[in-house]
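Student: Got a minute to go through this one with me? I'd like to start with the contact between the chains.

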Number of protein chains: 2
Amino acid sequence: MHRTRVRVVEDALDANNTIARANRDDFDRSDVTVLNLMSAPGAGKTALLERALAQPLPGEARAGVLEGDVQGSMDADRLAALHVPVVQLNTDNGFGGECHLDANMVRSALGHLPLDEIDLLVIENVGNLVCPAEFRVGEDARAMVCSVTEGEDKPLKYPLMFRACELVAINKSDLLPHLDFDLDKLLYNVDVVNPGVRTIVTSARTGEGVEELRGWLGELVARRVPATVPG
Amino acid sequence: MHRTRVRVVEDALDANNTIARANRDDFDRSDVTVLNLMSAPGAGKTALLERALAQPLPGEARAGVLEGDVQGSMDADRLAALHVPVVQLNTDNGFGGECHLDANMVRSALGHLPLDEIDLLVIENVGNLVCPAEFRVGEDARAMVCSVTEGEDKPLKYPLMFRACELVAINKSDLLPHLDFDLDKLLYNVDVVNPGVRTIVTSARTGEGVEELRGWLGELVARRVPATVPG
């Protein structure tokens, strides 16, 4: 029984990785850098993107967003006001909805994205600190937003998520004066599970860290290895 | 392909429900009322329990806690200081860990719980607003904690979770003066997805709503239908 179950899980992940590679090939053909952006529900991914994409990115990189939600298009509507291309992807055609995006869901949205008109695609994943980190979707990089309201212990409780990312934005810093929260302890815990990972303290409300985040997005596009897949 | 996938999901849920019923029978034999407590990561479930269980519950009901986490035993350690029986259940023996508790995981912990010495078992689920609502574990009731820092839109984005619960604790009310947050809008959205559901505005920091929550826990135990399963 146990062996069978393990095999099924591996097959499913393999299928996901196969489709993720196909997505990646399509992104390469269009020279699009892709960021998989993850967090717990309500950590502020959309608000941070609203601030970061309100002006052209460094290097004039053009951004687009793929919004993943169980249900609704509220975040996509917010981002559409920025005049960047936004496509909404809902995961609720299961029982209670899927708790993460997988490569096949992202693939189903590719036809709706103007890949040749953007340089950076931000995929805003479903709010969840577990499963989104387990499924590649064809991205170049993964980043997460962690709110200071969530407590210092989250890296230790959800280590795979923190380990999977190359940037951790520590958001809602404007609330620090009102919390019993030790930022140094959080930074220590982040470093324990992902030594040396880049962190940026941010606030979508005050704008703290937003320029640094925009700089990082610009670097992400600039570091892109030119496509090797024939166009 | 699609039909096959649907059938597998139904089988898995059926197995879960079978085991959930077995758990329920065991709880009935010991006359234990069981609450499945859910939330997003960092919404404050543990802190609220610390406040609510710091004194004996109404009717002298004796509480125990089953702590579900992907990894670690930090929350169990916090609650153990209250001198209530606490058992830690980790879900990380998969790839990145399971994002929810299911009936079989709970069943694996039953032997470690002093069921005959408690009247109320609170099962603190893994922080996640999607999958925990899909898996019954043998509970009598489900409740959730929703933090005001998460935004007013969460009921619309994660409707199954809000619909599955008979109590929604709206936590961290002490932060309201520092947030751009419309409490009436959240309450309206909660009522849209789960009309008439009971809500309690709480703060583990100031103690707001904690007495009302303790009263609700006492009612939950008091309303228990006497066991019909032979002992």
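Tutor: Sure. Keep in mind that this is a predicted model. One pair to look at is A:Lys157 and B:Asp75, which form a salt bridge with the closest N and O atoms 2.5 Å apart.

Student: How many salt bridges are there between chain B and chain A?

Tutor: Six salt bridges. There are also twelve residue pairs in polar contact across that interface, both residues being at pLDDT 80 or more.

Student: Which elements of chain B give two or more residues to the side that touches chain A?

Tutor: Helix 1 (2–29), helix 3 (74–80), helix 5 (154–157) and helix 6 (159–164) of chain B. Helix 5 of chain B has the largest share, at three residues.

Student: And how do the residues on that side of chain B divide into nonpolar, polar and charged?

Tutor: You get 17 nonpolar, eight polar and twelve charged. The area buried between chain B and chain A is about 3200 Å², with 58% of that from carbon and sulfur atoms.

Student: OK, switching to helix 7 of chain B. Which of its residues are buried?

Tutor: B:Leu186, B:Asn189, B:Val190 and B:Val193. Down the helix axis they fall within an arc of 100°, so they line one face of helix 7 of chain B.

Student: What covers them?

Tutor: The cover includes strand 5 (141–147), helix 5, helix 6, strand 6 (167–171) and strand 7 (198–201) of chain B.

Student: And which exposed residues are on the face turned away?

Tutor: B:Asp184 and B:Tyr188. The backbone nitrogen of B:Asp184 also lies 3.1 Å from a side-chain oxygen of B:Asp182, which caps the N-terminal end of helix 7 of chain B.

Terms used: Residues numbered from 1 in each chain as written. Chains lettered and ligands numbered in written order. Predicted model: local features only at pLDDT ≥ 70, side-chain atom pairs only at ≥ 80, totals over all residues. Heavy atoms only, no water. Buried area = accessible area lost by both parts, 1.4 Å probe. Salt bridge = Lys/Arg side-chain N within 4 Å of Asp/Glu carboxyl O. Polar contact = N/O pair within 3.5 Å; in protein donor to acceptor, adjacent residues only side chain to side chain. Helix = DSSP H or I, 4+ residues; strand = E, 2+ residues; numbered from the N terminus. Nonpolar A, V, L, I, M, F, W, Y, C, P; charged D, E, K, R; others polar. Buried < 20%, exposed > 50% of the residue type's maximum accessible area, 1.4 Å probe, protein only. Arc of directions from axis to C-beta. Contact = heavy atoms within 4.5 Å.
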